[in-house]
Amino acid sequence: MIVSICGYNCSGSSAVLDLLKEYEEAIVIDFECMLLDFPDGIRSLDQNVNSAGLYFREDLAFTRFEKFVHNNRNIQKFSNYNADKITQRYIQDLTGVSWQGRSVYDYMTKDCIEKNYWLVKRMVEKAVYKLLKKRIGFTNRLMRMRDKDVDFYSRTREYIDELIVSFGGDLSKINVMDQLMPPIAASTFFKYVNDGCAIIVDRDPRDMFLNLNMGVDCECVPRNGNDFVKYHKLWWGNREN
């Protein structure tokens with residue numbers, strides 16, 4: 001079983017995590033693993049690779065997901081730096097075809113210095129081809145398309161299990177993870193995990209606001225009173241009943 005402790009910012013989900021550490025049958029994986037809901041995480045990957053006729057999005061989503069996992073220090077540390085290998089196998093299994101190529105999007109999304117460097121490499125490519133009729137591929141990179149015959153959700157559940165084991169979890173026990181799923185519509189994320197459930201931690205917003213203005217380190221929440229009320233309405237207003 002995989003249990004996600006889902007808390008709103010500064011709602012006190014860490015206290016629930018500490019409480020569950022007291023139970024022998026529970027293995028608490030003690031870091032915030034927002035792998036499913038963060039931008040470029042599993043849900044973003046799902047939305048991009050499972051949409052018809054959008055192969056540029058598929059290719060970009062694979063690359064972004066790999067970078068997201070690679071750059072997440074906690075995922076790397078708690079997996080004993082095995083997360084990249086596990087992720088590469090996952091992406092390879094989802095890939096139907098791969099090749100060395102380039103996309104105009106590669107150029108569009110670069111900053112000024114990177115664009116100029118990319119353009120210089122393209123000029124060299126064109127010059128070499130004009131003189132030698134040889135393609136050198138300075139601007140090429142790995143490009144991929146999704147294999148629609150592979151069950152995305154089944155393979156994703158296997159991937160999450162592999163990561164949990166690398167984090168020190170035991171699939172025969174209750175594995176507790178912090179913030180694996182968001183508190184808003186947590187049940188929509190159950191399709192990505194085997195035997196998943198969520199504990200949603202809520203708190204009186206007045207208490208949260210007081211804590212914020214008493215020095216709690218949580219800069220992702222507005223501290224101005226009017227802004228906090230708007231923030232609370234916009235986020236909490238979308239939660240499940």
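**View 1. E158 and R155 in helix α8 of the predicted model.** E158 is partly exposed, at 41% relative accessibility. Its salt-bridge partner is R155, with 3.8 Å from N to O. R155, in contrast, is buried, at 8% relative accessibility. The two residues are three apart in helix α8 (residues 152-166), a separation of about one helical turn. Both also belong to a network of salt bridges, in which they are linked with R89, D93 and E162.

**View 2. E125 and R122 in helix α7.** The side chains of E125 and R122 form a salt bridge, 2.6 Å from N to O. Both residues lie in helix α7 (residues 112-132), where three residues, about one turn of the helix, set them apart. E125 is buried, with a relative accessible area of 6%. R122 is buried as well, and its relative accessible area is 17%.

**View 3. The salt bridge between D106 and R141.** The closest N and O atoms of D106 and R141 are 2.9 Å apart. D106 lies in helix α6 (residues 104-108) and R141 in strand β4 (residues 141-146), so this salt bridge ties together parts of the structure that are 35 residues apart in sequence. D106 is buried, having a relative accessible area of 10%. R141 counts as partly exposed, at 22% relative accessibility. The structure as a whole contains 15 salt bridges, and the pair of D106 and R141 is one of these.

**View 4. An open sheet of four strands.** The strands follow the order β2-β5-β1-β6, and their pairing is parallel. At the edges stand β2 (26-32) and β6 (196-201); each has a single partner strand, so one side of each is left without a neighbour in the sheet. From one strand to the next, the twist averages 20°.

**View 5. Pairing of strands β1 and β6.** Strand β1 (residues 2-7) runs parallel to β6, and six bridges join the pair. G7 is found opposite V201 of β6. Strands of a sheet pair through backbone hydrogen bonds, either parallel or antiparallel.

**View 6. Helices α1 and α8 against the sheet strands.** Helix α1 (residues 13-20) lies across β1, β2, β5 (174-178) and β6. Its direction makes an angle of about 150° with β1. Helix α8 lies across β1, β2 and β5, at about 85° to β1. Helix α8 is also where E158 and R155 of the first view are located.

Methods:
Residues are numbered from 1 along each chain as its sequence is written. This is a predicted model: local features need pLDDT of at least 70, side-chain atom pairs count only at pLDDT 80 or more; totals for chains, interfaces and linings use all residues. Side-chain values use heavy atoms; hydrogens and water are left out. A salt bridge is a side-chain nitrogen of Lys or Arg within 4 Å of a carboxyl oxygen of Asp or Glu. Buried means under 20% relative accessible area, exposed over 50%, partly exposed in between (1.4 Å probe, protein chains only). Two strands pair if DSSP finds at least two bridges between them. Axes are lines fitted to C-alpha atoms, for helices over the stretch in contact, and angles run from 0 to 180 degrees between N-to-C directions. Contact means heavy atoms within 4.5 Å.
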